[in-house]
Amino acid sequence: MTRLPEPEASTAGGRDMRIVALIGTGHFLSHFYMLCLPPLFLQWRAEFGVSYAMLGLSVALMSATTAVLQTPVGFWVDRWGARPFLIGGTLLMALSVSAMAFAPAFWMILPLAVLSGIGNSVIHPADYAILTGSVNKSFMGRAFALHTFTGNLGFALAPPVIALLLGVMDWRGALLTVGLLGVPVVAAILLQSGVLKDQVKPAKAEEALSSREVLLSRPMLLFFAFFLLSSMAGSGVQAWLVTVLGKLWGTPVLVASGALTGYMVGATCGTLVGGWIADKSKRNLLGMVTVLTLVAMALLLSLGIVPMPEALLPVIAVVAGLALGTSRTPRDVMLKDACPPGQVGKVFGFVSAGLPLGSAITPVPMGMLIDLGYPGLVLPVVAGLLGLSLLCAGSAKGSAAAARAEVVQAV
């Protein structure tokens, strides 16, 4: 496999940050657009007279389309290169949201949500393929961390930004404004595209497995399970922590919401910490993920088992979120290291599809536990899911190492 020479240290830092800024801005928009529609539901219901179920369908279609198409888009990214898909996907995503501003009836918003989801499906496969091919290895952990951070920031800012825009314009103007934000982002990617390099293609001798065999191999299925179980656990905390604390300890909604906010802030900031650690300590990423996840498990369990002063709840939640967030970037680096050469797009497209799937699975069964009078089981179930994810992580890393050794011997 032919490798590109590493840039000189004097220029590498600035070049890496340019790459991360370009990729991160598109990632921010992809997450922003996913959550920019719910704040408009009340206006849409009043104007179009549709049910809440129909309103929810707009978000569901966008999310489902993104999840379903990530893997096939990953195949195309690996075959034809990431940059055209990144540019086209970002533009389609933005223009679809902009076009919603001109919809005369609600049904027209639904196909536009699907189109936006098609554009959004490009982001993860293309982003990781470009980061892998463009960023210095010594900066890879921080690049992945900043990529995750910008996505989380998009989720966090979408509702308040839309709310602020609705204070000065109608919903059509708000959607048109945020949708057109994607145009200068696409222009910047086009103008700076020379700095974005595709992943290195493998030599023929290194193509030991077909694409189908790669995704259905034991390491990749275990990584998919790792991501899926982690997402299921996180979704359980996000959906039900406020309710569980109220049911178990009579915690006021304001205090419990503060604990949830603390957990989310800790998880978001932890991704940046994890990126720095991943770059400085590459030898035992699995050990780091294991320790951090065990810490988070213990803290989350304590919230559901031990009565605490209200002032302590947000502190425990922040530390639990920080531990989990810090483990996320090493997890992504582990997956990147396990990818066969030239197949980053399809692998990240496939494995990262476990994240929205996990978020969709958990809320209903955990809500049923609360309905049946067992709110005390929710956080133990979350801890159990995290424990299972660790088992998958250990098996995935071991299987990937064995698979690499077989390839080396074959070559």
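Buried means under 20% relative accessible area, exposed over 50%, and partly exposed in between (1.4 Å probe, protein chains only). This is a predicted model, in which local features need pLDDT of at least 70, side-chain atom pairs count only at pLDDT 80 or more, and totals for chains, interfaces and linings use all residues. Residues are numbered from 1 along each chain as its sequence is written, and side-chain values use heavy atoms, with hydrogens and water left out.

**Exercise 1.** Find how many salt bridges there are, taking a side-chain nitrogen of Lys or Arg within 4 Å of a carboxyl oxygen of Asp or Glu as the rule.

Solution. Apply the rule, and the count comes to 5 salt bridges. Let us look at some of them.

**Exercise 2.** Work out which parts the salt bridge between aspartate 78 and lysine 346 ties together.

Solution. Start with the contact: the two side chains of aspartate 78 and lysine 346 meet at 2.7 Å, N to O. Next, place them: aspartate 78 belongs to helix α3 (residues 52-80) and lysine 346 to helix α15 (residues 344-352), so the pair links parts 268 residues apart in sequence. Helices here are DSSP runs (H or I, at least four residues), numbered from the N terminus. Finally, check accessibility: lysine 346 is buried at 4%, and aspartate 78 is buried at 6%.

**Exercise 3.** Do the same for arginine 172 and glutamate 47.

Solution. Their salt bridge spans 2.9 Å, N to O. Arginine 172 sits in helix α8 (residues 171-180) and glutamate 47 in helix α2 (residues 41-48), so parts 125 residues apart in sequence are tied together. Arginine 172 is partly exposed at 23%, and glutamate 47 is partly exposed at 42%.

Conventions. Helices (H or I, at least four residues) and strands (E, at least two) are DSSP runs, numbered from the N terminus.
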